[in-house]
Amino acid sequence: MPESASKRLLARLGVTIIRGCHVTGLNEALDGATKLGYPVVAKTGARGFPHKSELGLVRVDLCDRDPLESASRHVTEVSGFPELRIESTMPSGIESVLDS
């Protein structure tokens, strides 16, 4: 099941889901981050990377344009995929990762 579909399902079940958007390119990433509010997380939108963090395809605590620009470049170059997911930073608490 694609990540977006599983997030919709979890939201319908009452699980809080972090806001985010799929973007292509730096300008869309910057627009998305502005709409969500900094700091943000940038990660690859490519499928087939089950351990994105370990591969450097997730960058966290991006507090303004410069780190987001650097992270966007890095993630798209390493993944070979132009699409990114920009997400709000999670507040303190418990984080869960679900995998199939």
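Here are four short exercises on the chain above, each with a worked solution.

A word on the input: this is a predicted model, where local features need pLDDT of at least 70, side-chain atom pairs count only at pLDDT 80 or more, and totals for chains, interfaces and linings use all residues. Residues are numbered from 1 along each chain as its sequence is written, and side-chain values use heavy atoms, with hydrogens and water left out.

**Exercise 1. Work out the overall layout of the chain.**

- Start with the elements: there are three helices and four strands. Both are DSSP runs numbered from the N terminus (helices H or I, at least four residues; strands E, at least two).
- Put them in sequence order, and you get α-β-α-β-β-α-β.
- Now check the dimensions. A compact globule with 100 residues would have a radius of gyration near 13 Å, and the chain agrees at 13 Å. That radius is taken over C-alpha atoms, and the globule rule is 2.2 Å times the number of residues to the power 0.38.
- Finish with contacts (heavy atoms within 4.5 Å). Of those with a separation of 6 or more, 63% join residues 24 or more positions apart.

**Exercise 2. Find which side of helix 2 is buried, and what covers it.**

- Sort by relative accessible area: buried is under 20%, exposed over 50%, and partly exposed in between (1.4 Å probe, protein chains only).
- In helix 2 (residues 26-36), the buried set is Ala29, Leu30, Gly32, Ala33 and Leu36. Looking down the helix axis, these residues fall within an arc of 160°, so they line one face. The arc is that of the directions from the helix axis to the C-beta atoms.
- Turn to the face pointing away from that buried side, and you meet the exposed residues Asn27, Thr34 and Lys35.
- The cover over the buried residues includes strand 1 (20-24), strand 2 (40-44), helix 3 (65-79) and strand 4 (83-88).
- Just past helix 2, glycine 37 has a positive phi of about 95°.

**Exercise 3. Trace the salt bridges of glutamate 87, then look at a pair within helix 3.**

- Apply the rule: a side-chain nitrogen of Lys or Arg within 4 Å of a carboxyl oxygen of Asp or Glu. The count is five salt bridges.
- Glutamate 87 pairs with lysine 7, with the closest N and O atoms 2.6 Å apart. This joins strand 4 to helix 1 across 80 residues, and both partners are buried.
- Glutamate 87 also pairs with lysine 43, at 3.6 Å between the closest N and O atoms. Lysine 43 lies in strand 2 and glutamate 87 in strand 4, so this pair ties together parts 44 residues apart in sequence. Lysine 43 is buried too.
- Add Arg85, and you have the network of linked salt bridges: Lys7, Lys43, Arg85 and Glu87.
- In helix 3, arginine 65 bridges to glutamate 69 with the closest N and O atoms 3.8 Å apart. Being four residues apart, they are separated by about one helical turn. Arginine 65 is partly exposed at 45% relative accessibility, whereas glutamate 69 is buried at 19%.

**Exercise 4. Locate a nonpolar surface patch.**

- Patch members need over 30% relative accessible area and no salt bridge; like charges are joined within 9 Å, nonpolar side chains (Val, Leu, Ile, Met, Phe, Trp, Tyr) within 5 Å.
- Met1, Leu9, Leu13 and Val15 make a nonpolar patch of about 420 Å², with areas from the Shrake-Rupley method (1.4 Å probe; for residues, only the protein chains shown count as cover).
- Check one member: leucine 9 sits in helix 1 (residues 3-12) and is partly exposed, at 34% relative accessible area.
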